[in-house]
Amino acid sequence: MNTTQIIELLPYRDPFLFVNEITEISDNGVKGNYTFKKEAFFYEGHFKEKAITPGVILTEVMAQIGVVCLGVYLLKKELQAGEKPEIALTSNQIDFFLPVLPEEKVTVVSKKEYFRFNKLKCNVQLFNEKDELVCRGTISGMLKVMKDGK
């Protein structure tokens, strides 16, 4: 399974798909990036005077790249043609350090803490274009293969 196939299997679509590219992936982690679009819906009201990416969106980018992409990759042996993964996510704690502005490219680096009984837990970091740590945290999710739409 290549990285384009992984992105195609994600359960998201524009305007809520926050993965442009997966640059590294293995059984132990993933690295990928996303560039925020200036016209993204969430900038309109966050904030009035100067647009800043909401923390919940940064968390979503971390989850999509750092847990969901990795989870799809880890389930690759179980996925048959036409099957898709089903995912439920939780974030334990995310710490924020710097803002992210429109048109800024961010990179997510995730390291698997464990994957057992279809629960994936990762330590995830998000960096800005200057390679500065923007936020970090622990995100986990339950992953399973949907067979015959069930």
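**Exercise 1. In which strand is the place of Phe-127? Determine also its burial and its surroundings.**

Solution. The structure is a predicted model, in which local features need pLDDT of at least 70 and side-chain atom pairs count only at pLDDT 80 or more, while totals for chains, interfaces and linings use all residues. Residues are numbered from 1 along each chain as its sequence is written, and side-chain values use heavy atoms, with hydrogens and water left out.

Step 1. Phe-127 belongs to strand β5 (residues 119-127). Strands (E, at least two residues) and helices (H or I, at least four) are DSSP runs numbered from the N terminus.

Step 2. The relative accessible area of Phe-127 is 16%. Buried means under 20%, exposed over 50%, and partly exposed in between (1.4 Å probe, protein chains only); Phe-127 is therefore buried.

Step 3. Contact means heavy atoms within 4.5 Å. With neighbours within four places in sequence left aside, Phe-127 is in contact with Lys-105, Val-106, Thr-107, Val-109, Glu-132, Leu-133 and Val-134. Of these, Val-106 is 21 residues from Phe-127 in sequence, yet their C-alpha atoms are 5.6 Å apart.

**Exercise 2. Describe the strand pairing around Gly-32.**

Solution. Two strands pair if DSSP finds at least two bridges between them.

Step 1. Strand β1 (residues 21-26) pairs with β2 in the antiparallel sense over five bridges, and a hairpin of two residues joins β1 to β2.

Step 2. β2 also runs antiparallel to strand β4 (residues 105-116), with seven bridges joining them.

Step 3. Gly-32 in β2 is the bridge partner of Ile-22; Gly-32 also stands opposite Val-108 in β4.

Step 4. Strand β2 (residues 29-35) has five of its seven residues buried, so the strand is largely enclosed by the rest of the structure.

**Exercise 3. Characterise helix α2 and the position of Thr-59.**

Solution. The expected span of a helix is 1.5 Å times one less than its number of residues.

Step 1. Helix α2 (residues 55-74) has 20 residues and reaches 27 Å from its first C-alpha to its last, close to the expected 28 Å.

Step 2. A bend of about 30° occurs in α2 at Ala-63; the bend is the angle between axes fitted to the seven residues ending at a residue and the seven starting there.

Step 3. Because 18 of its 20 residues are buried, α2 is largely enclosed by the rest of the structure.

Step 4. Thr-59 is found in α2 and, at 17% relative accessibility, counts as buried. Beyond its neighbours within four places in sequence, Thr-59 is in contact with Ser-91, Ile-94, Phe-96 and Ile-139.

**Exercise 4. Analyse the aromatic rings.**

Solution. Rings of Phe, Tyr and Trp (its six-membered ring) pair if their centres lie within 6.5 Å; planes under 30 degrees apart count as stacked, over 60 as edge-to-face and the rest as tilted.

Step 1. The count by this rule is seven aromatic pairs. One of them joins Phe-16 and Phe-18, edge-to-face at 5.1 Å centre to centre and 65° between the planes.

Step 2. The ring centres of Phe-41 and Phe-42 are 5.1 Å apart and their planes lie at 80°, so this pair is edge-to-face.

Step 3. Phe-16 is partly exposed at 34%, whereas Phe-18 is buried at 0%. Phe-41 is partly exposed at 46%, whereas Phe-42 is buried at 9%.

Step 4. One aromatic cluster is formed by Phe-16, Phe-18, Tyr-34, Phe-36, Phe-41, Phe-42 and Tyr-43.
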